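Trainee: Hi! Could you walk me through this one, step by step?
Mentor: Happy to, let's open it up and start with the basics.

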Amino acid sequence: MEGLADFHVPGLPKTCQTWYKVFGDLTTKTPLIVLHGGPGACHDYLLPLTDVAPSIPLVFYDQIGNGRSTHLPDKAGDENFWSIDLFKQELNNLISHLGLENQAIDVYGHSWGGILAVEWAASNPANLRRLVLSNSLASMDTWRTGITALRKKLPQDVQEVLDRLEEKKDFDNPEYEAAVDVFYQRHFSLTRPWPPKEVQVTMDWFAKDSTTYSTMYGPTELYISGSLRDWSGIPLLSKIKVPTLVINGTEDEAQDVTVQPFFQHIEKVKWITLDNAAHFSHIDQRQKYMKQLGTFLMKQ
C-alpha cells in the first residue's frame with residue numbers, strides 16, 4: 001500500500017504531501033517506521049529492510065523536499081525553514097495519518113535519520129516501543145572527528161585535491177568529485193561492483209534536488225557547512241528510555257567515536273559493529289545485518 005499524507009506547514013501557501021509505502025499489515029504486529037538519511041537520500045536505498053517482512057510490517061516514506069514527496073527548491077539555503085522540528089512534525093503527521101498514534105511502533109533511523117530519531121524519541125512518545133540507530137551520529141563534532149581521521153588515511157594525492165579545491169569551494173570540479181568518490185568507495189559501501197544500486201539511487205536523488213542536503217549538511221560528506229554543523233544529540237540521549245539497537249560498520253563514516261555516546265548515555269542499549277561493512281552496512285553485510293535487526297525487533 002502506498003499513498004500521500006497531507007502535511008500543513010505553517011507559512012507555506014499550499015499543503016505539502018508526504019509520500020509513503022507500507023509493507024505488511026500495520027494492525028496485527030508492531031510496525032517499523034523507517035527514517036532515511038541524507039537529508040535527501042530518500043527511502044529507496046533502505047528497501048532491503050523488507051528482508052524482515054512479513055514478520056515485521058514496515059513503513060517507508062520520503063521526507064518533505066525529497067523523492068516522491070513535495071519539493072520546495074525555492075527554500076534552498078533557508079536554514080530556519082529546514083529545521084529538525086519540521087521533520088519531527090512531519091513524522092508525527094504521518095503517524096497520525098496512518099492511525100498509529102495510539103498503537104505501539106518501532107522507529108529506525110539511518111544516518112541523518114538517526115538524528116531525527118534521537119530528537120523524536122527523546123520526547124518520550126508514549127507509543128514508541130523500540131528504537132534502531134543505524135550508521136548514525138551522536139553529535140556533529142564526534143562525526144567530524146571520525147571523518148577527519150578517515151580522510152587522513154586517503155592517498156596523499158587525493159587529500160591534496162580535496163584540500164585545494166575545498167579552499168576554493170570548487171565542489172563541482174570533476175577532479176574534486178573524483179577525489180570524493182575515492183572516500184565514498186571506502187566508507188559508503190564496500191559492495192562491488194561500484195556503485196551498488198542502493199548507492200546509485202541515493203546519488204541520483206541528490207543530483208535531482210539537493211535542496212535539503214546542501215542546506216542542512218553541505219555539498220559533500222567531507223564538507224559540513226549546513227545547519228546541522230553544530231548539532232549535538234548527546235544531551236538528549238539519557239531521555240531515551242526504550243530498548244535501543246545501535247549498528248555501525250568497521251569502515252563506516254559513522255566511526256566508533258560518534259557512536260560511543262549512544263552506548264554511554266542510552267539506558268537500554270545494544271551496540272553491534274559489523275566487520276567488512278561501511279555506511280551502507282545493510283548492503284555490505286546484508287544477511288548478518290537483517291538477522292540482528294530481526295532478532296531485536298521480534299523480542300517482546
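Mentor: One term before we look at strands: two strands pair if DSSP finds at least two bridges between them. Also keep in mind that this is a predicted model.

Trainee: Okay, so how many bridges join β3 to β5?
Mentor: Four bridges join them, and the two strands run parallel. Strand β3 covers residues 32-35, while β5 covers residues 105-110.

Trainee: Which residue in β5 is the bridge partner of Ile33?
Mentor: That partner is Val107.

Trainee: Cool. In what order do the strands sit in the sheet?
Mentor: The order is β1-β2-β4-β3-β5-β6-β7-β8, in an open sheet of eight strands with mixed pairing. At the edges are β1 (2-7) and β8 (269-274), and each of these pairs on one side only. On average, neighbouring strands of the sheet are turned by 20° against each other, direction ignored.

Trainee: What does helix α8 touch?
Mentor: Helix α8, residues 256-265, packs on the sheet and touches β6 (128-134), β7 (244-249) and β8. The direction of α8 makes about 160° with that of β8.

Trainee: And which strands does α10 lie across?
Mentor: Helix α10 (residues 286-298) lies across β3, β5, β6, β7 and β8. Relative to β6, α10 runs at about 160°.

Trainee: Back to β5 for a sec. Is His110 buried or exposed?
Mentor: His110, which is in strand β5, is buried, with a relative accessible area of 1%. The cut-off for buried is under 20%, so His110 falls in that class because its value is 1%.

Trainee: Which residues does His110 touch?
Mentor: Leaving out residues up to four places away in sequence, His110 touches Leu35, His36, Gly37, Tyr45, Leu46, Ser134, Asn135, His279 and Phe280.

Trainee: New topic: the backbone. Where is the cis peptide bond that involves Pro54?
Mentor: The cis bond runs from Ala53 to Pro54, with omega near 5°. Pro54 itself is in the loop between β3 and β4 (58-61). Another cis peptide bond joins Trp194 and Pro195, where omega is about -5°. Pro195 is in the loop between α5 (174-187) and α6 (197-208).

Trainee: What is the phi of Cys42?
Mentor: Cys42 has a positive phi of about 65°, although it is not a glycine. You'll find Cys42 in the loop between β3 and β4. Cys42 is buried, with a relative accessible area of 0%.

Trainee: What about Lys169, buried or exposed?
Mentor: Lys169 is exposed, at 56% relative accessible area. Lys169 is not a glycine either, yet its phi is positive, about 55°. The loop between α4 (156-167) and α5 holds Lys169.

Trainee: Let's zoom out. How many helices and strands does the protein have?
Mentor: There are ten helices and eight strands. The radius of gyration is 18 Å, close to the 19 Å that the globule rule gives for 300 residues, so the protein is as compact as a globular protein of that length.

Trainee: What box do the C-alpha atoms fill?
Mentor: Roughly 55 × 45 × 35 Å, taken along the principal axes.

Trainee: How much of the protein counts as buried?
Mentor: Of the 300 residues, 57% count as buried. The accessible surface comes to about 12500 Å², and 49% of that belongs to carbon and sulfur atoms.

Trainee: Last one: among contacts between residues at least 6 apart in sequence, what share joins residues at least 24 apart?
Mentor: That share is 73%.

Technical notes. Residues numbered from 1 in each chain as written. Predicted model: local features only at pLDDT ≥ 70, side-chain atom pairs only at ≥ 80, totals over all residues. Heavy atoms only, no water. Axes fitted to C-alpha atoms, helices over the stretch in contact; angles between N-to-C directions. Contact = heavy atoms within 4.5 Å. Buried < 20%, exposed > 50% of the residue type's maximum accessible area, 1.4 Å probe, protein only. Rg over C-alpha atoms; globule rule 2.2 N^0.38 Å. Areas by Shrake-Rupley, 256 points an atom, 1.4 Å probe, with all protein chains shown as cover.
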